[in-house]
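Work through these exercises with the model open. Each one sets a task and then solves it in steps.

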Amino acid sequence: RAIGSTQLDSCFRVNSRERIVTQLISEKLNANLNVWQEAGINKYNYLVIYVPKYRKSLSIEPLTSNINSFNNGNGLIKLKPDEEIILNTGIKLSSLK
């Protein structure tokens, strides 16, 4: 849907076990921006979208856990010493067809 005058500073839970795509379309700039993230166990299961008051930028940020997760535990991934996880996210910019 159109962003319009909407102001966002929100974290969303991703309800998927596959790759998801957040799409931003600008007909004015003839541009299509796709931000993809892996979702599922120990992956990017949260998404923050921020649109500031001055409207000259926008932030799309995949997260592994909810905001304040050190306190609320929502999505917090705990790694043991020397343990690691590998996560993938990406951005694709293209013209509208």
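**Exercise 1. Find how strand 3 and strand 6 pair, and place them in their sheet.**

Step 1. In this predicted model, strand 3 and strand 6 pair in the antiparallel sense. Seven bridges hold the pairing.

Step 2. Take one bridge. Tryptophan 36 has glycine 90, in strand 6, as its bridge partner.

Step 3. Add the remaining strand. The open sheet has three strands in the order 2-3-6, with antiparallel pairing.

Step 4. Look at the edges. Strand 2 and strand 6 (89-95) each have a single partner strand, so one side of each has no neighbour in the sheet.

Step 5. Check the turn. Neighbouring strands in this sheet are turned by 15 degrees against each other on average, direction ignored.

**Exercise 2. Do the same for the open sheet with the order 1-4-5.**

Step 1. This sheet has three strands, and the pairing is antiparallel.

Step 2. Strand 1 (8-13) and strand 5 (59-63) are at the edges. Each has a single partner strand, so one side of each is left without a neighbour in the sheet.

Step 3. Here, too, the average turn between neighbouring strands is 15 degrees, direction ignored.

Step 4. Count the bridges between strand 1 and strand 4. There are six, and the two strands run antiparallel.

Step 5. Pick out one pair. Arginine 13 is bridged to tyrosine 46 of strand 4.

**Exercise 3. Describe the surroundings of glutamate 38.**

Step 1. Locate the residue. Glutamate 38 sits in the loop between strand 3 and strand 4 (46-51).

Step 2. List its contacts, taking heavy atoms within 4.5 Å. Setting aside neighbours within four places in sequence, glutamate 38 touches Glu18, Arg19, Lys43, Tyr44, Ile86, Leu87 and Asn88.

Step 3. Search for polar contacts, with a cut-off of 3.5 Å between N or O atoms. The side chains of glutamate 38 and lysine 43 are joined by one at 3.5 Å.

Step 4. Include the backbone. The glutamate 38 side chain reaches the backbone nitrogen of asparagine 88 at 3.1 Å.

**Exercise 4. Characterise the largest pocket and its lining.**

Step 1. Start with volume. The largest pocket has about 450 Å³.

Step 2. Find the residues closest to its centre. Of the 17 lining residues, these are Leu24, Ile25, Ser26, Leu29 and Leu58.

Step 3. Sort the lining by class. It has nine nonpolar, four polar and four charged residues.

Step 4. Assign the strands. Strand 2 (20-26) and strand 3 (31-37) each supply at least two lining residues. Strand 2 gives the most, with four.

Terms used:
Residues numbered from 1 in each chain as written. Predicted model: local features only at pLDDT ≥ 70, side-chain atom pairs only at ≥ 80, totals over all residues. Heavy atoms only, no water. 1 Å grid on protein atoms, 1.4 Å probe; cavity = no way out; pocket = protein on both sides within 12 Å on 5 of 7 lines; lining within 4 Å. Points joined across faces, edges and corners; volume = space filled by probe spheres on them. Nonpolar A, V, L, I, M, F, W, Y, C, P; charged D, E, K, R; others polar. Polar contact = N/O pair within 3.5 Å; in protein donor to acceptor, adjacent residues only side chain to side chain. Pairing = 2+ DSSP bridges. Axes fitted to C-alpha atoms, helices over the stretch in contact; angles between N-to-C directions.
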